[in-house]
Protein chains: 2
Amino acid sequence: MASQKRKEVPAWDKLKKFVDLMDRPDHHLFHLIRTEGRFQKFSLEGGGIFYDFSRQRVDPSVMENLFALARGRGIKDRFSAMMRGEKVNATENRAALHTACRDFSGASISVDGADVMPEIRRVREEIREFSGKVHSGEIRGATGKRFSHAVVVGIGGSYLGSQFVSEALAADADKGIELHYLANVDINDFGRIEGRIDPEATLWIIISKSYTTPETLANTEQAYSFMREKGVDPARHVVTVAAKGSPGDDPSNPVLKAFHMFDFIGGRYSVSSAVGGVPLSLYLGYDRFERFLKGAEEMDLHTRDAAEEKNLPLIAALIGIWNNDFLGYPAQSIIPYSTPLNQLAPHIQQLYMESNGKSVTAEGERLEADSGVIIFGEPGTNAQHSFFQLAHQGRPFPIDFIGVLRPQYKGKAAMSKGVTNHQELWANLISQPLALAQGKADENPAKVFGGNRPSSTIVLEDLSPENVGRLLSFYEAKTVYEAFVWGINPFDQYGVELGKILAGDIRKKMAQANETGDAGFEGLDPIRKFYLKRLYAGRL
Amino acid sequence: MASQKRKEVPAWDKLKKFVDLMDRPDHHLFHLIRTEGRFQKFSLEGGGIFYDFSRQRVDPSVMENLFALARGRGIKDRFSAMMRGEKVNATENRAALHTACRDFSGASISVDGADVMPEIRRVREEIREFSGKVHSGEIRGATGKRFSHAVVVGIGGSYLGSQFVSEALAADADKGIELHYLANVDINDFGRIEGRIDPEATLWIIISKSYTTPETLANTEQAYSFMREKGVDPARHVVTVAAKGSPGDDPSNPVLKAFHMFDFIGGRYSVSSAVGGVPLSLYLGYDRFERFLKGAEEMDLHTRDAAEEKNLPLIAALIGIWNNDFLGYPAQSIIPYSTPLNQLAPHIQQLYMESNGKSVTAEGERLEADSGVIIFGEPGTNAQHSFFQLAHQGRPFPIDFIGVLRPQYKGKAAMSKGVTNHQELWANLISQPLALAQGKADENPAKVFGGNRPSSTIVLEDLSPENVGRLLSFYEAKTVYEAFVWGINPFDQYGVELGKILAGDIRKKMAQANETGDAGFEGLDPIRKFYLKRLYAGRL
């Protein structure tokens with residue numbers, strides 16, 4: 001697939017001319033939000049969620065040119081091509097079919113002439129069956145105990161999506177399984193989990209596409225050593241999620257079950273595959289996982305089919321481009337006014353920054369514009385008491401506010417100042433975007449609020465599995481659409497390779513020192529040598 | 001205290017001239033780190049920790065001018081003045097004496113002519129005594145059960161510091177008390193904690209200086225309602241940490257114990273006061289809390305006394321200013337290669353962004369330079385598998401790497417690829433700063449690494465309470481020193497006020513709707529009206 005280049009799209013240059021206009025005092029958000037029909041024009045429902053961009057620094061002409069940019073770059077066609085199985089991951093010559101994992105249409109999707117859907121359905125069915133048997137007690141640990149703990153061993157994309165979803169839906173976790181994530185190679189992580197699990201009742205889910213990720217292999221070694229020490233047979237306590245034919249799918253290393261993932265699904269897009277499916281089905285039941293997928297599918301179809309002007313992720317992506325490349329904001333914050341969504345920002349931080357932190361187009365041309373921004377966030381109102389000082393009076397950054405109309409927990413509703421906690425939460429959610437947008441004059445310079453700080457507001461009816469799926473798909477599609485505007489490949493991640501290679505060199509030096517007892521580390525540059533010697537000082 | 005203004009310090013303008021120099025290819029970090037004596041010149045020990053800034057984009061001339069800037073602005077004198085009790089928080093006419101909370105010198109510190117140390121010592125003694133009696137079982141719940149849960153009810157500065165320290169030292173939590181944080185007003189938070197505690201064995205620690213924080217009051221209402229429902233007497237299950245004479249220190253509302261905090265300690269600097277002291281002493285024992293304070297004190301004294309060229313927080317602050325105002329990096333990441341430090345970044349995010357997210361000097365003059373940056377971070381190696389793609393090949397941002405030489409957990413040491421987990425962790429920590437600094441050429445444009453990405457590396461011997469205290473004090477001092485260079489007041493937070501006022505308006509509308517049943521919300525602007533009606537749609 002050839003990407004569209006910037007110079008071919010006149011809308012890009014036209015948009016540049018609107019920057020000065022938007023900087024004019026009469027285009028301050030204070031005025032924009034008071035324009036007749038502003039809210040109706042700049043808010044919409046789609047794919048099951050509500051999106052309000054009335055507090056973004058856009059006006060109808062800016063939006064018109066952004067839509068022209070989207071059309072000029074053909075981003076909707078590219079999205080359709082992606083969903084059809086074309087090799088949009090050009091640098092790695094792969095399709096990018098996370099959407100296929102939640103395709104319940106019954107249609108076929110062909111990659112290299114073969115329909116991938118039967119395999120996807122087969123794996124889904126395996127997950128349904130396996131998790132059902134664990135819940136019923138048909139599958140138990142080696143000593144006959146029911147499984148009550150599951151430890152996900154995986155890093156990056158192998159756990160961040162699952163962690164987001166399992167936190168969001170924790171109130172629904174009624175299957176008697178406690179879920180733990182063992183991601184970091186820090187041995188303190190293993191120590192902490194060890195103290196919380198019953199080895200006879202623990203299922204280990206090892207997740208790594210290549211099954212060569214050093215951190216995951218190291219933690220797997222600790223887990224196997226732990227199981228042997230506790231006298232439980234790993235073959236009856238381990239499942240793997242890995243590529244077919246990888247070391248994680250090796251019959252000579254027997255496990256309870258090996259689930260397959262596919263080369264057309266990247267780690268950061270993999271929560272809809274077995275990577276999320278196995279842990280989430282164990283934790284929440286397969287039915288809820290499927291509801292999550294169906295919510296995501298609804299948003300996928302909206303993203304593919306809705307016209308530009310009605311397309312939530314596409315509009316959000318265009319605003320992302322506008323804020324980043326034209327208005328010059330280097331970061332974006334995601335603030336859900338819902339603590340169960342506390343792992344959304346870390347997940348989207350990975351999804352977006354790993355996808356769009358690129359400097360070259362898919363064809364290898366150097367990008368002139370800045371691509372990805374820095375994503376960060378914490379739940380509100382917590383964030384108001386943390387970093388919102390800077391948002392209001394310091395360096396401005398655009399914010400996605402997220403509200404959930406109905407809380408999961410309905411047990412307590414004591415009133416404070418005449419309102420419930422949930423209403424207090426919403427009083428703040430309703431007020432912050434306005435405060436940021438309109439600002440406030442004051443005689444005391446320390447109390448002046450400049451305003452003109454852009455934000456969007458996303459509303460979910462509740463934290464159902466469907467809505468969590470919709471939200472995930474929304475951000476995945478926003479990420480991909482932004483990449484398609486720039487013409488970059490959001491599916492590779494060559495930027496992580498150099499560190500891996502250098503770490504491999506050091507690992508070899510360490511292994512040698514461990515073996516020989518000689519921790520002199522001669523021949524290395526002074527800086528690395530210093531750290532190695534310091535690390536080994538207490539040891540050898 | 002008059003702050004120094006930028007124009008008076010020639011070093012600022014001189015530094016501008018070095019920006020082009022540092023952008024030259026021969027000043028790329030690839031070359032700088034290969035300069036003779038680089039590491040010796042740009043790394044040092046102080047206050048009990050090690051700091052390496054050899055991979056920052058500085059050379060001796062830049063450092064020289066940065067030191068001249070520090071001297072020109074008199075920031076060391078200001079720091080001494082702060083520690084002596086002068087009213088450095090000029091806009092609020094208050095001292096800023098978080099350092100006094102860890103002053104074990106026996107000297108007096110005078111504010112408005114009165115020595116504050118006796119009160120600080122008295123509160124410390126009360127914490128020691130109270131936590132000791134809880135641990136011995138002398139103080140128990142209303143039904144005679146020993147306390148085994150403590151819930152901290154507080155938001156922002158009332159919990160983020162404690163959360164950082166309690167996570168960092170969780171391996172030392174041997175007092176049989178589980179600690180929970182109830183910060184957000186989201187009712188889901190209360191629901192989640194409710195399911196995890198035994199009401200008869202739970203101590204509630206309500207923390208709010210003014211005792212008027214709406215979120216904290218709302219959660220306090222839920223807690224009281226819960227206690228009454230469970231038949232336990234709140235007077236025997238609640239302690240408060242609040243200003244003397246505030247509603248949290250009201251004898252007509254009896255509590256187990258009311259601890260005082262002082263107007264000269266701001267929330268985000270309060271973990272060394274009773275705000276951190278009460279929960280941390282319950283969780284870890286008072287002795288460990290005192291060791292934490294003593295580590296912080298050691299770094300305070302280093303910060304006050306060490307010459308500019310030997311002063312870790314001062315150097316870190318100058319590099320912060322250099323990266324932000326001269327090299328133009330809008331964000332900074334904190335990446336501890338130690339999962340127990342996972343709450344360091346959220347805490348420093350608040351500490352720094354709330355302190356330095358200002359647009360005016362302490363005298364109310366508009367700042368010409370950008371003050372605070374965006375702080376974000378996750379533990380490594382997790383972050384390598386999350387957002388480091390962007391760090392290596394996208395938008396660059398400076399990073400503080402943090403390493404801990406000895407892990408807390410020593411139970412498991414299976415080897416993978418010839419190294420332990422802890423060594424694997426360090427292999428990565430040693431390699432990432434180098435990869436970021438030097439980059440790598442490649443024929444394939446997608447595999448080119450531009451390098452020249454700056455970072456520092458901080459090393460702690462272990463995660464002792466002292467070292468956690470040193471690390472805290474380091475970042476507090478760095479934050480304050482940066483503020484003193486800009487001449488801003490890092491101790492006020494007027495930027496959070498406007499949102500509070502607007503939320504108060506909405507709260508009133510809601511309370512009225514709750515009372516009258518009329519949820520028409522007439523008279524409001526269309527946007528806020530829409531959200532209110534949508535929220536109430538399912539309810540009234």
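1. A residue counts as buried here if 20 or more other C-beta atoms, placed from the backbone, lie within 10 Å of its own. Keep in mind that this is a predicted model, where local features need pLDDT of at least 70, side-chain atom pairs count only at pLDDT 80 or more, and totals for chains, interfaces and linings use all residues. Residues are numbered from 1 along each chain as its sequence is written, and chains are lettered from A in the order in which they are written.

2. Have a look at strand 13 of chain A, residues 455-460 (strands are DSSP E runs of at least two residues, helices H or I runs of at least four, numbered from the N terminus). Ser455(A), Thr457(A) and Val459(A) point one way, Ser456(A), Ile458(A) and Leu460(A) the other, and all are buried.

3. What does strand 13 of chain A pair with? Strand 2 (residues 49-52) of chain A pairs with it in the antiparallel sense over three bridges, with Phe50(A) opposite Val459(A). Strand 12 (residues 399-404) of chain A pairs with strand 13 in the parallel sense over six bridges, and there Ile402(A) stands opposite Ile458(A). Pairing takes at least two DSSP bridges between the strands.

4. Now the chain contacts: 116 residues of chain B are in contact with 116 residues of chain A (C-beta atoms, placed from the backbone, within 7 Å). On the chain B side, helix 15 of chain B gives the largest share, 13 residues.

Technical notes. A residue is buried if 20 or more other C-beta atoms lie within 10 Å of its own, exposed if 12 or fewer, and partly exposed in between; C-beta atoms are placed from the backbone. Two residues are in contact if their C-beta atoms, placed from the backbone, lie within 7 Å.
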